[in-house]
Amino acid sequence: MTGTLASGPALAQDATQAVAEAVAATGVSPESAFIFNTLLFLMTGFLVMFMAAGFAMLEAGMVRKKSVATQCLKNVALFAIAGILYYLIGYSLMYDGVDGGWMGTLAIWSPDDSAAAAGDFAAGYAASSDWFFQMVFVATAASIVSGTVAERIRLWPFLAFVVILTGILYPITGSWQWGGGWLSELGFSDFAGSTLVHSVGGWAALAGALLLGARRGRYGRDGSVTPMPASSLPLATLGTFILWLGWFGFNGGSQLAMGSGADAVKVATIFINTNMAAAGGVIAAMIVCQLVYKKIDLTLVLNGAIGGLVSITAEPLAPSLGASMLIGGIGGVLVVVAVPLLDKLKIDDVVGAIPAHLVCGIWGTLIVPFSNADTSYGTQLTGILAIGLFTFIASFIVWGTLKATIGIRVHEEDEERGVDQAELGMEAYPEFGPSAV
Amino acid sequence: MTGTLASGPALAQDATQAVAEAVAATGVSPESAFIFNTLLFLMTGFLVMFMAAGFAMLEAGMVRKKSVATQCLKNVALFAIAGILYYLIGYSLMYDGVDGGWMGTLAIWSPDDSAAAAGDFAAGYAASSDWFFQMVFVATAASIVSGTVAERIRLWPFLAFVVILTGILYPITGSWQWGGGWLSELGFSDFAGSTLVHSVGGWAALAGALLLGARRGRYGRDGSVTPMPASSLPLATLGTFILWLGWFGFNGGSQLAMGSGADAVKVATIFINTNMAAAGGVIAAMIVCQLVYKKIDLTLVLNGAIGGLVSITAEPLAPSLGASMLIGGIGGVLVVVAVPLLDKLKIDDVVGAIPAHLVCGIWGTLIVPFSNADTSYGTQLTGILAIGLFTFIASFIVWGTLKATIGIRVHEEDEERGVDQAELGMEAYPEFGPSAV
Amino acid sequence: MTGTLASGPALAQDATQAVAEAVAATGVSPESAFIFNTLLFLMTGFLVMFMAAGFAMLEAGMVRKKSVATQCLKNVALFAIAGILYYLIGYSLMYDGVDGGWMGTLAIWSPDDSAAAAGDFAAGYAASSDWFFQMVFVATAASIVSGTVAERIRLWPFLAFVVILTGILYPITGSWQWGGGWLSELGFSDFAGSTLVHSVGGWAALAGALLLGARRGRYGRDGSVTPMPASSLPLATLGTFILWLGWFGFNGGSQLAMGSGADAVKVATIFINTNMAAAGGVIAAMIVCQLVYKKIDLTLVLNGAIGGLVSITAEPLAPSLGASMLIGGIGGVLVVVAVPLLDKLKIDDVVGAIPAHLVCGIWGTLIVPFSNADTSYGTQLTGILAIGLFTFIASFIVWGTLKATIGIRVHEEDEERGVDQAELGMEAYPEFGPSAV
């Protein structure tokens, strides 16, 4: 018995050593992982939130002086609307009980973190943090539309469209994939939303641009294109840098977890691939510009960066750094090629959102199987077409209905003096002389 | 004995399993919690720090061209002063030995992280990280003042006021509540500073505006108000977006902890409530604008966002998302109502800081008991009045003393040609033609 | 035997308690530390990445209207180039097998996180996160050059220089210290790169400015200096605030670890010291300006902030808050003194990068032994001279070669109408009237 008693402390010592090893092996406790994951959503979420400022500055810089204030207002308002609609309808429609189907449920969302409050961290993250992250994504889709239809759309009809887009359209196609719907069961892959966010925004913008028509005087009958230069290139540059910054959150946060060393490695990999794709987009756009035009157009280079970023968004984890640069670089080339093409088609996309977000969104989604063996070109194409068709047709119907009822375009004379004067009764730069165009 | 020996490994195995369970139950080690908490302060602190840029851009955009450079300088200088004064006087006055009383001690602050260095993490966070977070808060209060008194105040007297505000006034009222003083013992509640930061800035600004008088030509004898439009609406929009971003830090960091799953849930809840209040403020301001003026004033919408944010700041945790939207929405309405009211009273608040920060600060603090059952309307009112009276009277005395001694207002002709020329001898936009007003 | 069996649960209970204590003692598991460290690199890395936007805005604001678009383009392009070159050559040259020597190896970098993937977290952080952090640093060095040579350099030769600087020059001197080369073995100390990043950028800029010559009309034969005022002071201010924000990442991330409580304390200490140095730089620059010129020059104050930040970068951990303020303050004074001195020498540094980054970089590196007893003034001087000589001479040769071959300066008439028109064929502000100068 003495021996047994004596062996007590010795065993405890053994146990203590075992503890240390067990702790090291266990790695991250469920509660610590819960905090890490929640933190990832919040941190990358605020980066994506700041993209709203990026779009606002990009667009304010790209439109003419007489439309700047309206563009600012639209970007503030759409961010507010996106948050509210996603709360009232969107999130549940996208994530609640989709189960292989075509949409979720109609319900106001409310966070349920009762399990975590009771010490059960199996959910992995705070529900509110996930909602925050998803909400800033839907706002991004709306921001994309805003730039294309600038300078001639009326404010309230635009906002009405944003209500439908963020409350219904985006959540429905989102449910097909991220909500666990039919596309995800099919094996479609879109890591951070080249298609689900960027192309959706692009398709909605395209439908709007078609129904709205070009800005007055933009296209001559002889096929000529009247340049309507960006009013402030530093603001457009600032906006692009903010988007670039935000994209680390956009793609990095889409790993959805940072509660293990393996996830942390993946988030880091996504960061550098994302950056490399943007760099590739910039350099490719510059080179093509120089070769084709003998001069470099800053706005094309900025859109080259964005095009590179959109291109890597469908699969920012699997490619090597070199492949990421290539994928982004081709995105940059596509932008430089698509911009004049749209002008040929007399589709007036004021900020170049369709080339950067729609064209590169398609490209990025299509090329996923190149680096990710679990995917197939056929399935990727199916997803692109399904989401594209749905979004384009539904957007066309919504824009069309708005056009047929309340009207979507400002009057001719109002467009002439500028939407800022007409719609807001104010000027963006009242002390800087009259608008030149 | 053999049996006993044999039972050793078996027991160790049991113990190892117990270890794994214990680790899971323990959740977050004190050291991990210490890192999480410190990280929260640093991350949300840098977001709040960036609000200094937000105020600078908001104000640079809202003043006339001839005052932009001075406004920029004031915002850089006040941030520097706030940091230095809070180090020399403020922090100790606010937090050191208040103990139910009316102020702390007069002492230069220095960080004491010796316990953590010795492996004792009971403090919960690095002292330096807490100081960083509190320091960027005091700078916010000073930023609020800067906008109201723009375009006619002299630079050095303004900075002298900032010295007093950030070194003495803000820390004293801060000690009453966050320092553990009499108001906190009374049960007053102001989570992130609707009153302690925003109203304090607003009261100080109001006192300054009253003693300073309106800008030349702003108010006619017949009660007319001469519009003095904002020189750059995109900069004002950028500033607002930066503030919106920073507010996630402002409110989220005020949870003061992220070292447990429960705290992480709360920080996430605060993020989404904060966003919803801002969204409510935007939409409410837009609707009221449209109804009352038939046009939407972008600057009112921007202030609506800020008003919504200030309104939720006193209690960003307890309300539901819907209630947050409502609280922020009423804040947005208050802004639209208060701006013309101030003009009626001939109080010239150049950027609308008093409506957004003071009025909404009062509103947000008053409405806390609506969602937080541990508070009472009476106590909230007591806190609002006590802090308001102290700050207004003390600010009035400081501004008054400055006025009576070195003078606070630029000469008539200097105001005419602009404070940039008069005070700095430079122009903000030298190549963009003369100022229109 | 029954007794032994009975003692099992009792021992297990003991063990469980031991577990709890062991967990508390263990503190942070290797995997948790790995996540914390990786997170630190990513979070502080995105802050440093955003400094690219800060430089872009600072420079776009500081140049004349006719050069703004080119300045924006250069900053976007150099960030892309820095990332690509650091991937292709730079990182391996700086970090791979330096081993006390003068450079690493020539190899394309690729991340190796296989150990972490296999559950071994001894590396401490994700390789990709470290690369991200180092990559944004090299971009910073390139950004510094961009401002000095503005308004008269040709685009492609500038970008060619950036290729060499970020791919070869910066990595070589970087390898001497951070790569574990001869300087680090000597005991040189440069915590976050006063010399390795900022002075390197400054030396490269100085060599460029000397070979390029001043802007046309800048310096008269009679020693007069024609002012060429900054086109947009709010943009310059915004840029400075973004840099200030980014510097928390720059210095804080250079702790390279946040996986222990001790490291978290250090990161927090670095944050507040960094802020205090910037504040000291601002206030000192203001006071000297007021005393010497009787007026405050906003651009000098902005550079004072940057000078303060550069000054503390070599040792942001060891000094007290008061010492940090002093070190930064002297940096601010040096800026105000050095700017006119450069003009005397007819060295045309458009944005004041040489005073802020080179002069203060030297100052900050020299003063390290004042607060850090492990260093010596002699060794610091050795490092400053070695890196300075190498970078200046190598840069001079590269710039010289470019000048002798493809040429580095735009034609006279092109400079007259502006590099934007000449190089890009576009205007930054096409609707805001002609350039005044």
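A salt bridge here is a side-chain nitrogen of Lys or Arg within 4 Å of a carboxyl oxygen of Asp or Glu. Keep that in mind for the exercises below, which work through a predicted model.

**Exercise 1. Find which residues of chain A are joined in a network of salt bridges, then look at how Arg215(C) is paired in chain C.**

Step 1. Start with chain A. Salt bridges link Arg64(A), Glu151(A), Arg215(A), Arg218(A), Asp343(A) and Asp348(A) into a network.

Step 2. Now hop over to chain C and pick out Arg215(C). Its side chain meets that of Glu151(C) in a salt bridge, at 2.6 Å from N to O. The two residues come from distant parts of the chain, 64 residues apart. Arg215(C) is in the loop between helix H8 (194–212) and helix H9 (233–252), while Glu151(C) is in the loop between helix H5 (127–148) and helix H6 (155–177).

Step 3. Check how much of each residue is accessible. Buried means under 20% relative accessible area. Arg215(C) has 4%, so it is buried, and Glu151(C), at 3%, is buried too.

Step 4. Look for another partner. Arg215(C) also forms a salt bridge with Asp348(C), with the closest N and O atoms 2.8 Å apart. Asp348(C) lies in the loop between helix H12 (321–344) and helix H13 (353–366), so this pair ties together parts that are 133 residues apart in sequence. Asp348(C) counts as buried because its relative accessibility is 1%.

**Exercise 2. Work out how far apart in helix H16 of chain B the salt-bridge partners Arg417(B) and Asp414(B) are, and whether each is buried or partly exposed.**

Step 1. Confirm the pair. The side chains of Arg417(B) and Asp414(B) meet at 3.1 Å, N to O, in a salt bridge.

Step 2. Place the pair in the helix. Both are in helix H16 (residues 412–417) of chain B, and because they are three residues apart, about one helical turn separates them.

Step 3. Compare accessibility with the cut-offs: under 20% is buried, over 50% is exposed, and partly exposed is in between. Arg417(B) has 45%, so it is partly exposed. Asp414(B) has 16%, so it is buried.

Step 4. Zoom out. Over all chains, the search of the whole structure finds 27 salt bridges.

**Exercise 3. Classify two ring pairs that cross between chain A and chain B.**

Step 1. Recall the cut-off: planes over 60 degrees apart count as edge-to-face.

Step 2. Take Phe46(A) and Phe46(B). Their ring centres are 6.5 Å apart and their planes are at 75 degrees, so this pair is edge-to-face. It runs from helix H2 (residues 30–62) of chain A to helix H2 (residues 30–62) of chain B. With a relative accessible area of 2%, Phe46(A) is buried, and Phe46(B), also at 2%, counts as buried.

Step 3. Take Phe132(A) and Phe271(B). Here the centres are 5.3 Å apart and the planes are at 85 degrees, so this pair is edge-to-face as well. Phe132(A) belongs to helix H5 (residues 127–148) of chain A and Phe271(B) to helix H10 (residues 261–293) of chain B. Both Phe132(A) and Phe271(B) are buried.

Step 4. Finish with the rings inside chain A. Ring pairs make a cluster of Phe41(A), Tyr125(A), Phe133(A), Phe137(A), Trp178(A), Trp247(A) and Phe250(A). The total over all chains is 89 aromatic pairs.

**Exercise 4. Describe the interface of chain A and chain B: how many residues touch, how much area is buried, and how many salt bridges cross it?**

Step 1. Count the contacts: 70 residues of chain A touch 69 residues of chain B.

Step 2. Get the area. About 5,500 Å² is buried between the two chains, and carbon and sulfur atoms give 83% of it.

Step 3. See who contributes. On the chain A side, Phe46(A), Glu431(A) and Phe432(A) lose the most area to chain B, together 14% of what that side buries.

Step 4. Count the salt bridges across this interface: zero.

Step 5. Add a charge and a ring between chains A and C. The charged end of Lys65(A) sits over the ring of Phe432(C), 4.5 Å from its centre.

**Exercise 5. Find what kind of axis relates chain C to chain A.**

Step 1. Superpose the copies. A turn of 120 degrees with a shift of 0.0 Å along the axis lays chain C on chain A, with an RMSD of 0.0 Å.

Step 2. Name the axis: that relation is the one of a three-fold axis.

Definitions and conventions: Residues are numbered from 1 along each chain as its sequence is written. Chains are lettered from A and ligands numbered from 1 in the order in which they are written. This is a predicted model: local features need pLDDT of at least 70, side-chain atom pairs count only at pLDDT 80 or more; totals for chains, interfaces and linings use all residues. Side-chain values use heavy atoms; hydrogens and water are left out. Copies are superposed by least squares on the C-alpha atoms of residues with pLDDT of at least 70 in both. Rings of Phe, Tyr and Trp (its six-membered ring) pair if their centres lie within 6.5 Å; planes under 30 degrees apart count as stacked, over 60 as edge-to-face and the rest as tilted. Helices (H or I, at least four residues) and strands (E, at least two) are DSSP runs, numbered from the N terminus. Buried means under 20% relative accessible area, exposed over 50%, partly exposed in between (1.4 Å probe, protein chains only). A charge sits over a ring if NZ of Lys or CZ of Arg is within 6 Å of the ring centre and within 35 degrees of the ring normal. Contact means heavy atoms within 4.5 Å. Buried area is the accessible area (1.4 Å probe) that two parts lose on being put together, summed over both.
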